[in-house]
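Colleague: Please take a close look at a single part of this model for me: the strand pairing. Then place it in its surroundings.

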Amino acid sequence: MNAVDDKTVVKDYFNATGFDRWRRIYGTEQVNKVQLDIRKGHQQTVDTVMDWLKADGNLRGLSVCDAGCGVGSLSIPLAQEGAMVYGSDISEKMVAEAYDRAKVFLGPNNNISFSAQDLESIAGKYHTVICLDVLIHYPQEDAARMISHLCSMAESRLILSFAPKTLALSVLKKIGELFPGPSKTTRAYQHRETDVVRILQDNGFSIQRQGMTSTRFYYSRLLEATRG
Ligand code: SAM
């Protein structure tokens with residue numbers, strides 16, 4: 001499957017069944033046990049990013065691009081801390097939900113601007129570019145191109161999360177593929193950390209902080225890389 005096809009599949013998924021599934025997972029309403037586990041895992045990833053950025057003490061007024069922002073799970077707390085946030089997502093439905101949630105949490109005149117856009121078509125420069133749990137939807141070559149593009153927009157820092165490719169997780173994924181659930185309609189791609197780090201280094205970035213969230217059904221490796 002080529003990049004265009006992958007993107008079309010992902011976009012269609014997050015505008016339809018994927019939208020309903022992930023809107024609930026990233027919300028507060030009742031969900032099943034697996035979804036609850038994913039909700040908690042994802043929240044840990046968001047909390048780690050927020051802890052890092054708050055610890056730096058310069059969030060107020062900082063320009064941050066949240067690429068593949070989903071329903072705004074990170075954009076909204078960032079804006080609450082005073083960052084100037086640009087959130088975008090390939091799915092119109094996800095962005096519309098993020099926009100509505102931002103209005104509820106921050107009021108109508110807030111410091112987030114949203115747009116429905118593929119992350120590879122975003123232009124502009126931001127102090128910090130963040131892309132959480134998006135690369136899982138793309139194979140290695142696409143992910144490499146996407147990371148390079150995100151690097152080109154980041155004046156100072158890029159924060160990325162991805163599903164790490166480890167032997168234990170590959171076995172788990174194989175078992176998962178034997179029992180595909182009805183809503184697992186997109187492929188999940190894992191990435192080797194050494195590959196991701198090499199791409200970041202080739203773009204002039206070096207790793208500063210690292211995190212890992214693993215619950216029963218959610219695995220996400222988090223890297224903060226800065227220029228130079
Ligand atoms: N980053 C958000 C978070 O952590 O709450 C959402 C993560 S969700 C698993 C993946 C999101 O990536 C979906 O909202 C999907 O529409 C978006 N996405 C997938 N491919 C994308 C692309 N090429 N450009 C922009 N967004 C994309």
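**The sheet and what lies around it**

Modeller: Start with one pair of residues: glutamine 210 has leucine 223, in S7, as its bridge partner. Keep in mind that this is a predicted model. The pair belongs to a longer ladder, since S6 and S7 run antiparallel and share 9 bridges. Those two strands make a hairpin, with 4 residues between them.

Now widen the view. The hairpin sits in an open sheet of 7 strands, ordered S3-S2-S1-S4-S5-S7-S6, and the pairing is mixed. Which strands are at the edges? They are strand S3 (112-116) and strand S6 (205-214), and each of them pairs on one side only. From one strand to the next, the twist averages 15°. As a general point, strands of a sheet pair through backbone hydrogen bonds, in either the parallel or the antiparallel sense.

Go to the S3 edge. Strand S2 (residues 84-89) pairs with S3 in the parallel sense, over 5 bridges. Within that pairing, tyrosine 86 stands opposite serine 113 of S3. S2 also pairs with S1, again parallel and over 5 bridges. Two opposite positions can be picked out there. Aspartate 66 faces glycine 87 in S2. Alanine 67 stands opposite serine 88, also in S2.

How enclosed are these strands? Take S1 first. In strand S1 (residues 63-67), 4 of the 5 residues are buried, so the rest of the structure largely encloses this strand. S2 gives a similar picture: 5 of its 6 residues are buried, so S2 too is largely enclosed by the rest of the structure. For a regular strand in general, side chains alternate between the two faces of the sheet.

What covers the other end? Helix H8 (residues 193-202) lies across strand S5 (154-162), S6 and strand S7 (219-227). Against S6, H8 runs at about 150°. The hairpin described above therefore has a helix lying across both of its strands.

Next, the loops that lead into and out of S4. Alanine 123 is in the loop between S3 and S4. Is alanine 123 buried or exposed? It counts as exposed, because 8 C-beta neighbours lie inside 10 Å. Alanine 123 still has a distant stretch of chain beside it in the model: methionine 153 is 30 residues away in sequence, while the C-alpha atoms are 6.9 Å apart.

After S4 comes another loop. Aspartate 133 sits between strand S4 (126-131) and helix H6 (140-153). Aspartate 133 counts as buried, because 24 C-beta neighbours fall inside 10 Å. Its backbone deserves a check by eye. Phi of aspartate 133 is near 55°, a positive value in a residue other than glycine. In general, most residues other than glycine have a negative phi.

Then the ligand. The shell around the ligand holds 20 residues, and Phe14, Gly68, Gly70, Leu119 and Leu132 are the closest. By type, the shell divides into 11 nonpolar, 5 polar and 4 charged residues. Which element gives the most to this shell? Helix H1 (residues 3-14) does, with 3 residues.

H1 also carries lysine 7. Lysine 7 is partly exposed, with 17 other C-beta atoms within 10 Å. Setting aside neighbours within four places in sequence, lysine 7 is in contact with Ile90 and Asp118. Lysine 93 is 86 residues from lysine 7 in sequence, and their C-alpha atoms are 15 Å apart.

Helix H2 (residues 17-25) is worth a look as well. The buried residues of H2 are Gly18, Trp22 and Ile25. Viewed down the axis of H2, these fall within an arc of 55°, so they line one face of the helix. The general rule behind such patterns is that an α-helix has 3.6 residues a turn, so residues three or four places apart point the same way.

Last, the chain as a whole. The secondary structure comes to 8 helices and 7 strands. Of the 228 residues in the chain, 36% are buried. Contacts also reach far along the sequence: among those between residues at least 6 apart, 71% join residues at least 24 apart.

Terms used:
Residues are numbered from 1 along each chain as its sequence is written. This is a predicted model: local features need pLDDT of at least 70, side-chain atom pairs count only at pLDDT 80 or more; totals for chains, interfaces and linings use all residues. A residue is near a molecule or strand if its C-beta atom, placed from the backbone, lies within 6 Å of it. Ala, Val, Leu, Ile, Met, Phe, Trp, Tyr, Cys and Pro count as nonpolar, Asp, Glu, Lys and Arg as charged, and the others, Gly among them, as polar. Two strands pair if DSSP finds at least two bridges between them. Axes are lines fitted to C-alpha atoms, for helices over the stretch in contact, and angles run from 0 to 180 degrees between N-to-C directions. Two residues are in contact if their C-beta atoms, placed from the backbone, lie within 7 Å. A residue is buried if 20 or more other C-beta atoms lie within 10 Å of its own, exposed if 12 or fewer, and partly exposed in between; C-beta atoms are placed from the backbone. The arc is that of the directions from the helix axis to the C-beta atoms.
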